[in-house]
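I opened a new structure today and kept notes as I went. Here is what I looked up, entry by entry.

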Amino acid sequence: MEQITSKVEQRTPDILVVDDTPANLQLLTGMLKKRGYRVRPVPSGKLALQAVQKEKPDLILLDINMPDMNGYEVCKHLKADAALKDIPVLFISALDETIDKIKAFVAGGVDYVTKPFQFEEVEARVYTHLKLRWLQLELERQNLLLQENYDKLSKLEKLRDGLTHMMAHDMKNPLFSVMGHLELIKNKVADRLNKEEMAWLNDALFSAGNLSQLIRSFLDVSRMEENKMPLNKTKCNLPALIHEIARSLKSRLDDKSVQLPSIDQPVFGQYDEDILKRIISNLLSNATKFTRDGGEIEVSVTDKSGNIEVRIRDTGWGIPPEYHEKIFEKFGAVGIFEECKMYSTGLGLTFCKLAVEAHGGKIGVESEVGKGSTFWFTLPA
């Protein structure tokens with residue numbers, strides 16, 4: 001049988017043999033040394049406990065019938081010590097009743113060999129339990145490395161988020177100034193600009209608006225992740241809010257067939273109105289973005305026994321199944337939007353998810369490529 005060397009520490013296994021019978025002690029010690037193991041023989045339970053405190057073995061061969069302290073007691077002492085409890089204990093005893101074996105396993109033993117023993121059997125069991133021990137230690141080492149790497153990654157992510165948050169916050173005021181001055185230029189000199197120059201100005205305003213939305217979404221997502229964005233709940237009529245949002249998006253909806261819930265059938269709930277508007281606006285904006293001219297968009301509100309469900313259906317590109325959960329992760333939507341050559345910050349749906357969950361609701365998507373998508377969310381009524 002091949003010799004085991006610890007993959008964890010690259011050393012020869014250390015075996016403690018405990019038996020009060022000198023002949024057995026000498027026999028086991030000699031045989032194990034011939035197999036290349038490092039062996040420490042001790043003749044009593046008390047000396048065994050002293051030996052393991054001085055240096056932890058990799059495995060213990062332990063006799064049961066010994067004076068002063070029997071093998072069961074030794075094993076119980078080992079298992080009660082956090083630093084020693086994982087050392088595998090293999091009992092070797094002349095006791096062959098089932099009750100004796102049960103006691104050994106209850107005390108914490110991993111195996112049991114009956115005297116008189118065949119050394120091949122002892123060797124096979126020693127080999128097996130040492131190998132299991134090395135695998136356990138290697139797994140613990142790998143888990144420790146994984147935890148250390150995870151902690152480092154978490155620390156780096158916090159540093160990155162902190163830096164990005166600081167940069168986004170510091171960009172707000174200069175960007176608002178740029179947008180304000182662009183609007184002033186448009187209002188003051190629009191009649192003196194030709195068509196191409198007006199298009200340049202509108203493109204600049206559009207890009208600045210997108211950047212402003214990115215900054216706002218990032219800061220809001222960060223606040224929600226840290227539970228620093230409290231909800232200001234008031235009584236809201238969802239169909240009325242949806243019509244208000246649709247009016248603000250009128251220029252983008254005019255070339256689509258749009259169906260909205262009846263404003264004459266109010267559906268009320270206690271929500272943060274501003275955040276609810278942004279949830280619906282994000283979802284409706286995405287529907288307009290991905291739906292071609294002449295396509296259909298339908299928004300519905302349903303009161304379902306304690307939960308209000310809002311569904312926004314479009315006949316746009318559709319989303320592959322592997323993205324159905326990913327798109328709600330921070331920046332997770334960027335990939336699918338890039339495939340469709342559409343602009344996206346990758347934060348809008350993350351904001352929607354966090355905002356819906358902050359209200360105690362759920363959000364999801366039903367979609368098939370080429371057949372459109374239905375984004376839905378439910379809120380407690």
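**Entry: a buried acid.** I started with Asp100, which is found in helix 4 (residues 98–107). Helices here are DSSP runs of H or I with at least four residues, strands are runs of E with at least two, and both are numbered from the N terminus. I should jot down that this is a predicted model, where local features need pLDDT of at least 70, side-chain atom pairs count only at pLDDT 80 or more, and totals for chains, interfaces and linings use all residues. Residues are numbered from 1 along each chain as its sequence is written, and side-chain values use heavy atoms, with hydrogens and water left out.

Which side chain of opposite charge is nearest to Asp100? I found Lys103, 5.1 Å away, and Asp100 is buried yet has no salt bridge. Buried means under 20% relative accessible area, exposed means over 50%, and partly exposed is in between (1.4 Å probe, protein chains only). A salt bridge needs a side-chain nitrogen of Lys or Arg within 4 Å of a carboxyl oxygen of Asp or Glu. Leaving aside neighbours within four places in sequence, I see Asp100 in contact (heavy atoms within 4.5 Å) with Tyr72, Leu95 and Tyr112.

**Entry: charges that do pair.** Side chains of opposite charge can pair when their charged atoms come close. I get a count of 21 salt bridges by this rule. I looked up Arg38 and Asp14, whose closest N and O atoms are 3.7 Å apart in a salt bridge. This pair links distant parts of the chain, with Arg38 in strand 2 (residues 38–42) and Asp14 in strand 1 (residues 14–18), 24 residues apart. Arg38 counts as partly exposed because its relative accessibility is 38%, while Asp14, at 2%, counts as buried. I also noted a network of salt bridges that links Asp14, Arg38, Arg40 and Glu55.

**Entry: Arg311 and its partners.** Arg311 meets Glu309 in a salt bridge of 3.7 Å, N to O. Glu366 and Arg311 also meet in one, at 2.7 Å, N to O. Glu366 lies in strand 11 (residues 362–368) and Arg311 in strand 10 (residues 307–314), so this pair ties together parts that are 55 residues apart in sequence. For exposure, I wrote down 22% relative accessibility for Arg311, which counts as partly exposed. Glu309 is at 10% and counts as buried. Glu366 is partly exposed, with a relative accessible area of 41%.

**Entry: a buried leucine.** Why does Leu284 count as buried? Its relative accessibility is 1%, so Leu284 falls in that class. I place Leu284 in helix 9 (residues 273–290). Apart from neighbours within four places in sequence, Leu284 is in contact with residues including Ile245, Leu249 and Ile312. I also checked Val267, which is 17 residues from Leu284 in sequence and 19 Å away in space, C-alpha to C-alpha.

**Entry: the whole chain.** I stepped back and found 11 helices and 12 strands in the protein chain. The chain's radius of gyration is 36 Å, well over the 21 Å that the globule rule gives for 381 residues, so it is more spread out than a compact globule. That radius is taken over C-alpha atoms, and the rule is 2.2 Å times the number of residues to the power 0.38. The C-alpha atoms fill a box of roughly 110 × 45 × 40 Å along the principal axes. I closed my notes with burial: buried residues make up 43% of the 381 residues.

Definitions and conventions. Lys, Arg positive; Asp, Glu negative; His and termini not counted.
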